[in-house]
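This report goes through a single chain, starting with a term used for surface residues and ending with the peptide bonds. Please keep the structure open while reading.

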Amino acid sequence: MELNLIVGMTEQRIIGNEGKLPWYIPEDLELFKEITEGNTVLMGRKTYQSLPETKKPLPNRNNIVITRNINPYLDFRTTFSYNLEEGLKMAESYGKPIFVIGGESIYKQTLPLANKLYISHIKGNHPGDTFFPEVDFINDWEIEQEKNFQDFIFRIYKKPKENLEELI
């Protein structure tokens, strides 16, 4: 299973404020769309609720929402799951790369399972009340790709290959 996390976050790991993105950066939104289109996106209920009504579900993607209370959100265009394990199985059944798109709790649960991190490191200070989990970028990840934008630095991180000598 190819499990990826995609997120925009500040240096302080802020990813949200009062249920919304604390910034508006069109280039970052376009990059998110480009990367996730044609694939599967997995999100929590709060992230789903934060999407604009015109973007529910996210177009041209398999949308899976993890929530304990499905009834108020039923939408035939979206797949709902009661728990992460079931949601991951559903996501895998689509046979496409899976992108976790939030929120805080879902990121925390899936970070140990992720193969890659697609992170827009947002420049500047922004208020926030929702955070991405702590990540040891030095020891646990290596940069596969980096691109500098005016308002953010985009990096793709991958888990380093295990040292073959350690396996013997």
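## Exposed loop residues with positive phi

A residue counts as exposed when its relative accessible area is over 50%, and as buried when that area is under 20%. The model discussed here is predicted. N60 has a relative accessible area of 57% and is therefore exposed. N60 sits in the loop between α2 and β4. Its backbone has a positive phi, near 60°, although N60 is a residue other than glycine.

E18 also has a positive phi, of about 55°, and is not a glycine. The loop that holds E18 runs between β2 and α1. With a relative accessible area of 67%, which is over the 50% cut-off, E18 is exposed.

## The chain as a whole

The fold is made up of six helices and ten strands. The chain is as compact as a globular protein of its length, because its radius of gyration of 16 Å is close to the 15 Å that the globule rule gives for 168 residues. Along the principal axes, the C-alpha trace spans about 50 × 40 × 25 Å.

Among contacts in the chain with a separation of 6 or more, 64% are between residues 24 or more positions apart. Of the 168 residues, 43% count as buried. The exposed area of the chain is about 10000 Å², and carbon and sulfur atoms supply 48% of that area. The chain carries 20 positive and 25 negative charges, and the mean positions of the two sets are 6 Å apart.

## W23 and its surroundings

Is W23 buried or exposed? Its relative accessible area is 8%, which is under the 20% cut-off, so W23 is buried. W23 is found in the loop between β2, which covers residues 14-16, and α1.

Not counting residues up to four places away in sequence, W23 touches G8, M9, T10, I14, I15, D28, I122 and H126. W23 and G124 are 101 residues apart in sequence, while their C-alpha atoms are 10.0 Å apart in space.

## A buried acid without a salt bridge

D28 lies in helix α1, which covers residues 26-36. Which residues are in contact with D28, leaving aside its neighbours within four places in sequence? They are W23, S120, I122 and F152. I122 is thus on the contact list of D28 and also on that of W23.

D28 is buried, yet has no salt bridge. The nearest side chain of opposite charge is that of K147, at 12 Å. For comparison, a salt bridge needs a side-chain nitrogen of Lys or Arg within 4 Å of a carboxyl oxygen.

## Cis peptide bonds

Where do cis peptide bonds occur? One is the bond from K56 to P57, with omega near -15°. P57 is in the loop between α2 (residues 45-50) and β4 (residues 62-66). The loop between α2 and β4 also holds N60, the residue with phi near 60°.

Another cis peptide bond joins G102 and G103, and its omega is about 0°. G103 belongs to the loop between β6, which covers residues 98-102, and α4, which covers residues 104-110.

Technical notes. Residues are numbered from 1 along each chain as its sequence is written. This is a predicted model: local features need pLDDT of at least 70, side-chain atom pairs count only at pLDDT 80 or more; totals for chains, interfaces and linings use all residues. Side-chain values use heavy atoms; hydrogens and water are left out. Helices (H or I, at least four residues) and strands (E, at least two) are DSSP runs, numbered from the N terminus. Buried means under 20% relative accessible area, exposed over 50%, partly exposed in between (1.4 Å probe, protein chains only). Lys and Arg count as positive and Asp and Glu as negative; His and the chain ends are not counted. Contact means heavy atoms within 4.5 Å. The radius of gyration is taken over C-alpha atoms; the globule rule is 2.2 Å times the number of residues to the power 0.38. Accessible areas come from the Shrake-Rupley method with a 1.4 Å probe; for residues, only the protein chains shown count as cover. The place of a charge is taken as NZ of Lys, CZ of Arg, CG of Asp or CD of Glu.
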